[in-house]
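Reader: I should like to go through the terms applied to this model and see what supports each of them. Please begin with the terms for accessibility.

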Amino acid sequence: MLKIELDSVIHQLRTLVWTITARRIAAVKLDSLIADTDACVIQASSQENSAKQKLDWVKEPTGKSCKDILESGAATDDGEYWIDPEKDGSPLKVYCDMTTDRGGWLLVTNILGMYETGSIQQSWTPASSYDEINNYNYSQNVGITASALGWLRSHLNFTQLRFHCSKQHGRTFHVITATNDNGEAAVQYFSGQTDTLPGSCDSFQRMNDDTSVLAVDCAMWGNDGRQYVGKWGHHDKKDASVRLYDHAAFIASSYHWHIVGDYWLCDDAINLFTKSARDFWKIFVR
């Protein structure tokens, strides 16, 4: 009888020990689960804050212009930046060339001879708003009218233009308007501030990679009613929508900067050099 009671007590003690042990194990697991949950919450919060910081950084305009960014020391590499020309809190993502000729160049026209897939680019229309410069990329052609460029100039007060085109099977035309009265006249004309055709010679400087005939024979440029007069532009091509692209610089029937309609010319004449995927026409301001 005593043995039976003793066995019963031992069984009850074992049951109690198992119960206490199970509860302790459950408590430890619960504590571990809570700790893991807290860690996940902290990590998620940290990732959210990090993402928010990155997003805020992307949205935050770095400067008023590419030149402003460069001169502030905020960045010195070529690439995409956010600028706010009107300082109204509506920044634009743009491409800045920070290395060519001391840098600070804002890309306002980006035309490619072909898509990266190899298909020929179709005709395009210059945008009437300078906001469109943030759509530059390698899948579409982007350029703005002289009026839009003038509006941009009213905010950035840029003083130079840079014309750069190249054909893989042809030559490279690459010039920068000079920082003198002749260069300023060219900037004013292409910004739609005047309709007077500016003189070509002494209005620009050649870049090292320029291999064009145009840049050498500037005295033969233009048409003001007569051919070969040494001027930018053509007296019949002054429309603000196309003056940057239609006979902006040319020697009649021979060498042209022309990106209108079916004729995309870079220091060549119609059908002289075929298009290729690496052909381009770019205009920068600084």
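Author: Buried means under 20% relative accessible area, exposed means over 50%, and partly exposed covers what lies in between. The model under discussion is predicted.

Reader: Why is Glu80 called partly exposed?

Author: The relative accessibility of Glu80 is 47%. Partly exposed applies between the limits of 20% and 50%, so Glu80 counts as partly exposed.

Reader: What makes the contact of Lys93 with Glu80 a salt bridge?

Author: The term requires a side-chain nitrogen of Lys or Arg within 4 Å of a carboxyl oxygen of Asp or Glu. For Lys93 and Glu80 the N to O value is 3.8 Å, and the pair therefore meets the definition. Lys93 is partly exposed, with a relative accessible area of 31%.

Reader: Why is this pair said to tie parts of the chain together?

Author: Lys93 belongs to strand E2 (residues 92-97) and Glu80 to strand E1 (residues 79-83), so the salt bridge links parts that are 13 residues apart in sequence.

Reader: Which side chain meets Glu71 in a salt bridge, and how is the pair placed in helix H2?

Author: The side chain of Lys67 meets that of Glu71, at 4.0 Å from N to O. The two residues are four apart in helix H2 (residues 66-72), which means a separation of about one helical turn.

Reader: What makes Glu71 exposed and Lys67 partly exposed?

Author: Exposed requires over 50%, and Glu71 has 61% relative accessibility. Lys67 has a relative accessible area of 37%, which falls between the two limits and therefore makes Lys67 partly exposed.

Reader: Why are helices H3 and H4 called oblique to each other?

Author: Helix H3 (residues 146-156) and helix H4 (residues 181-190) pack at an angle of about 120°, and their axes are 8 Å apart. Roughly perpendicular covers 65 to 115 degrees, and roughly antiparallel begins over 145. The angle of about 120° belongs to neither range, so H3 and H4 are oblique to each other.

Reader: Which residues make this contact, and how do they divide by character?

Author: H3 contributes Ala146, Leu149 and Arg153, while H4 contributes Glu184, Val187, Gln188 and Phe190. These residues comprise four nonpolar, one polar and two charged.

Reader: How do you know that Glu184 and Arg153 form a salt bridge?

Author: Their closest N and O atoms are 2.8 Å apart, which is within the 4 Å limit. Glu184 lies in H4 and Arg153 in H3, so this pair ties together parts that are 31 residues apart in sequence. Arg153 is buried at 8% relative accessible area, whereas Glu184 is partly exposed at 25%.

Reader: What makes H3 largely enclosed?

Author: Eight of its 11 residues are buried, so H3 is largely enclosed by the rest of the structure. Among the buried residues of H3 are Ala148, Gly150, Leu152 and His155. Their cover includes strand E3 (105-112), E4, H4 and strand E10 (280-285). Just after H3, Asn157 has a positive phi of about 55°.

Reader: How do you know that strand E5 is covered on both faces?

Author: In a regular strand the side chains alternate between the two faces of the sheet. On one side of E5, Thr172, His174 and Ile176 are buried, and on the other Phe173, Val175 and Thr177 are buried. Six of the six residues of E5 (residues 172-177) are thus buried, so the strand is largely enclosed by the rest of the structure.

Reader: What makes E4 and E5 paired strands?

Author: Pairing requires at least two bridges. Strand E4 (residues 161-166) and E5 have five, in the antiparallel sense, so the requirement is met. Ser166 has Thr172 as its bridge partner in E5, and a hairpin joins E4 to E5 through five residues. E5 also pairs with strand E6 (residues 204-206) in the antiparallel sense, over three bridges; Val175 has Arg206 as its partner in E6.

Reader: Why are E7 and E9 called edge strands?

Author: The open sheet has three strands in the order E7-E8-E9, with antiparallel pairing. Strand E7 (246-251) and strand E9 (263-268) each pair on one side only. E7 and strand E8 (residues 255-260) are paired over four bridges, and Ala249 stands opposite Trp257 in E8.

Key:
Residues are numbered from 1 along each chain as its sequence is written. This is a predicted model: local features need pLDDT of at least 70, side-chain atom pairs count only at pLDDT 80 or more; totals for chains, interfaces and linings use all residues. Side-chain values use heavy atoms; hydrogens and water are left out. Axes are lines fitted to C-alpha atoms, for helices over the stretch in contact, and angles run from 0 to 180 degrees between N-to-C directions. Angles under 35 degrees count as roughly parallel, over 145 as roughly antiparallel, 65 to 115 as roughly perpendicular and the rest as oblique. Contact means heavy atoms within 4.5 Å. Ala, Val, Leu, Ile, Met, Phe, Trp, Tyr, Cys and Pro count as nonpolar, Asp, Glu, Lys and Arg as charged, and the others, Gly among them, as polar. Buried means under 20% relative accessible area, exposed over 50%, partly exposed in between (1.4 Å probe, protein chains only).
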